[in-house]
Amino acid sequence: MNYHCYFASLGCDKNLVDSEKMIAILGDHKVFITDDASEAEIIIVNTCGFILDAKQESIETILELAPMKTEGKCKALIVTGCLAERYREELREELPEVDAVVGTASYDSIWEAVEKTIAGERPDIMKPVDYLPNHLTKRQRTGMDSYRYLKIAEGCNKRCTYCAIPLMRGAYRSVPMEELVEETEILAEQGCKELILVAQETTLYGTDLYGKKTLPELLHRLCRVTGIEWIRLMYCYPEEITDDLLHAMKAEPKVCHYLDLPIQHADDEILRRMGRKTDQKSLIQRINTIRHILPDVSLRTTLISGFPGETEEQHQRCLDFVREMQFDRLGVFPYSEEEGTPAAGYDDRIPEEIRQKRADEIMQASEAVIFEKNRSVIGRSLSVLVEGYLPDQGCYIGRSYRDAPDIDGFVFFESEEERLTGDLVWVNITGANGYDLIGEPVEKTFQEGENT
């Protein structure tokens with residue numbers, strides 16, 4: 001019998017990769033994806049449990065879909081992902097509508113969960129959190145985007161005091177390089193133009209499998225895949241970025257001169273309490289080295305405001321650091337207490353309104369820098385990856401190498417010539433509007449993988 005499945009994928013890009021692999025597995029068993037939950041015999045919610053807001057969204061989504069068991073055709077309501085991994089017992093107790101729970105390391109058993117549930121069982125499929133599914137390179141494209149995420153590792157060994165990821169995702173496990181190359185070839189065949197490398201930490205790739213950091217070698221091999229035009233690196237811990245990695249980025253035209261550095265703070269004492277393995281002096285030295293080797297690099301960072309014990313002086317030190325380092329892109333999150341983490345036991349908590357106030361101040365300081373940096377690009381020609389057409393505005397929308405999808409800005413341009421999603425267009429930047437750029441297409445011949 002053929003089944004229809006409604007699949008809700010929540011949370012981060014790494015979760016999306018798991019979702020695409022589960023959908024591919026289901027497809028091999030003649031399960032068809034539908035956008036109409038009322039028509040689905042199978043409903044799967046791939047949950048996030050990273051911070052409180054994400055947990056609430058996951059629970060609300062499950063509750064919204066649970067009535068389909070009586071009002072629709074649903075025979076199997078299955079919950080997977082981080083919330084399922086960490087709160088299996090609570091889910092079973094509080095949400096009896098849930099038929100099956102599948103842990104983060106068990107997504108390769110999604111069909112087993114479907115079979116057992118349809119047969120009337122209520123399975124919990126929870127492989128050890130440090131298990132890594134073998135050779136699951138097949139992915140089902142879930143949208144029309146020309147970019148795709150490639151998860152190169154699972155889990156994390158850093159044990160930052162505020163983070164629950166190791167509890168939900170286990171220790172750091174690199175995916176074998178051969179599997180990543182094969183997976184990339186499949187993504188390229190599906191139309192992927194921009195490959196975005198993700199993990200809890202990409203910079204440690206290979207240390208567990210090959211005894212050393214092998215991200216530079218992985219980049220070289222992925223750049224050989226035909227059809228891939230851009231490769232972007234996310235989640236690079238600054239203290240783990242080597243000169244070899246920077247020189248590999250410089251040598252490969254397909255690799256975007258873009259680095260996402262989650263530094264979290266800039267005060268030495270707060271960094272120590274966070275369990276981070278760096279200090280402000282080392283951060284400055286590493287950032288200066290990055291910019292020396294890659295002068296046109298676009299640097300993004302993320303920060304946490306209001307960490308337990310943070311004084312006003314320490315907050316100001318972080319603000320000064322943001323102004324001094326002149327990041328091209330920045331995000332900041334008020335501290336969110338995560339159950340089971342060391343920081344959750346700290347007594348000197350900061351009131352929520354102060355956490356938010358400090359986050360706002362960091363963003364305001366960062367905006368002034370980012371807006372000025374965008375104005376400095378006026379007059380320069382950038383390669384832009386087209387993401388679509390906006391009929392109401394009569395223009396195309398795309399991104400340059402300086403912008404990662406969903407979190408950074410856009411480039412808007414008009415064109416008499418029809419442009420398709422995934423096309424690369426040279427655009428001369430004529431204006432800047434906050435986080436976004438405005439330009440007009442220019443004639444220029446592309447070299448393979450050229451992005452700056």
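The largest cavity in this predicted model has a volume of about 130 Å³. Of the 17 residues lining this cavity, Lys 21, Tyr 107, Leu 132, Pro 133 and Val 175 come closest to its centre. If you would like to find the walls by secondary structure, look at helix 1 (13-28), strand 8 (153-154) and helix 8 (177-189), each of which supplies at least two lining residues. The chemistry of the lining is divided: 9 of its residues are nonpolar, 7 are charged and 1 is polar.

A search of the whole structure turns up 2 cavities of 30 Å³ or more, so let us turn to the other one. The second largest cavity holds about 40 Å³ of space. Its lining brings together Asn 15, Asp 18, Met 22, Asn 46, Thr 80, Gly 81, Gly 103, Thr 104, Tyr 107 and Arg 169. Helix 1 and strand 4 (76-81) each provide at least two of these residues, and helix 1 gives the most, with 3. Here the lining divides into 6 polar, 2 nonpolar and 2 charged residues. Tyr 107 is worth a pause: this residue is among those closest to the centre of the largest cavity, and it also lines the second largest.

Further along the chain there is a barrel to explore. Five strands form a closed barrel in the order 15-16-17-19-18, with mixed pairing. On average, neighbouring strands of this sheet are turned by 50° against each other, direction ignored. For one pairing in detail, take strand 17 (residues 411-413) and strand 19 (residues 436-441), which run in the parallel sense over 3 bridges. Within this pair, Phe 412 stands opposite Ile 438 of strand 19.

Definitions and conventions: Residues numbered from 1 in each chain as written. Predicted model: local features only at pLDDT ≥ 70, side-chain atom pairs only at ≥ 80, totals over all residues. Heavy atoms only, no water. Pairing = 2+ DSSP bridges. Helix = DSSP H or I, 4+ residues; strand = E, 2+ residues; numbered from the N terminus. Axes fitted to C-alpha atoms, helices over the stretch in contact; angles between N-to-C directions. 1 Å grid on protein atoms, 1.4 Å probe; cavity = no way out; pocket = protein on both sides within 12 Å on 5 of 7 lines; lining within 4 Å. Points joined across faces, edges and corners; volume = space filled by probe spheres on them. Nonpolar A, V, L, I, M, F, W, Y, C, P; charged D, E, K, R; others polar.
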